[in-house]
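The exercises that follow ask the reader to work through a fold, its strand pairing, its core and a few single residues. Each task sentence is followed by a solution in steps.

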Amino acid sequence: QAAPNRGPSLDPLSVTSDSLQARWTPLDPNDVNGRLSGYRVLLIRIDTGHFIVDQTENKTTFSQSGLDAFTVYEFRVAVISGGGIGPFTNQTARTIEAVPEGDRKS
């Protein structure tokens, strides 16, 4: 068995000032090369290279909160099959700037 032929198709990332959400389309079974075992998900803070998340998921959505505002993150996802891990699909996104404390409306 070979690893998957390609990465999943990743929708545009959705971000707030402290969170990131991702969604992707499953591969065609012919591209998986065997039985789908899950997805390898990585979230990396670009300025430090720090891995925020490195885990395996069994769903086609991902959400992470507790991120820093106005910071660039890279999200990567790859398909895992019995033949190994396929190529990663990746996108970068910047969390939005947080509203200053004094400007928040009650």
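Contact here means heavy atoms within 4.5 Å. The model is a predicted one, in which local features need pLDDT of at least 70 and side-chain atom pairs count only at pLDDT 80 or more, while totals for chains, interfaces and linings use all residues. Residues are numbered from 1 along each chain as its sequence is written, and side-chain values use heavy atoms, with hydrogens and water left out.

**Exercise 1. Describe the contacts of F62 and place this residue in the nonpolar core.**

Step one is to list the partners: setting aside residues up to four places away in sequence, F62 touches L20, Q21, A22, W24, V41, L43, V53, Q55, E57 and F75. Step two is to turn to the largest nonpolar core, a core being a set of buried Ala, Val, Leu, Ile, Met, Phe, Trp, Tyr and Cys residues joined through side-chain atoms within 4.5 Å, where buried means under 20% relative accessible area, exposed over 50% and partly exposed in between (1.4 Å probe, protein chains only). This core has 18 residues, and F62 is among those with the most contacts inside it, together with L20, W24, L43 and F75. Step three is to ask which elements supply it: β3 (19-25), β4 and β7 each give two or more residues, and β7 gives the most, with four. In soluble globular proteins, nonpolar side chains tend to be buried together.

**Exercise 2. Work out the order of the elements and the pairing of strand β4.**

Helices (H or I, at least four residues) and strands (E, at least two) are DSSP runs, numbered from the N terminus. On that basis the protein has one helix and nine strands, and along the sequence they follow the pattern β-β-β-α-β-β-β-β-β-β.

Two strands pair if DSSP finds at least two bridges between them. Strand β4 (residues 36-45), of whose ten residues seven are buried, is joined by nine bridges to β7 (residues 72-81) in an antiparallel arrangement, with I44 standing opposite E74. Strand β4 also pairs with β5 (residues 50-57), again in the antiparallel sense, over seven bridges, and here the bridge partner of L42 is D54. The two strands β4 and β5 form a hairpin with four residues between them, and G49 in the turn has a positive phi of about 75°.

**Exercise 3. Which residues other than glycine have a positive phi, and where do N33 and F70 lie?**

Most residues other than glycine have a negative phi, and most peptide bonds are trans. Against that background, N33 has a positive phi of about 60° although it is not a glycine, and N33 is placed in the loop between α1 (29-32) and β4. The phi of F70 is likewise positive, near 50°, and F70 lies in the loop between β6 (61-65) and β7. F70 counts as partly exposed because its relative accessible area is 47%.

**Exercise 4. Is S19 buried or exposed, and what surrounds it?**

S19 lies in strand β3 and counts as buried because its relative accessibility is 8%. Leaving aside neighbours within four places in sequence, S19 is in contact with S14, Q64, S65, L67 and T95. By contrast, S19 and Q1 are 18 residues apart in sequence and 37 Å apart in space, C-alpha to C-alpha.
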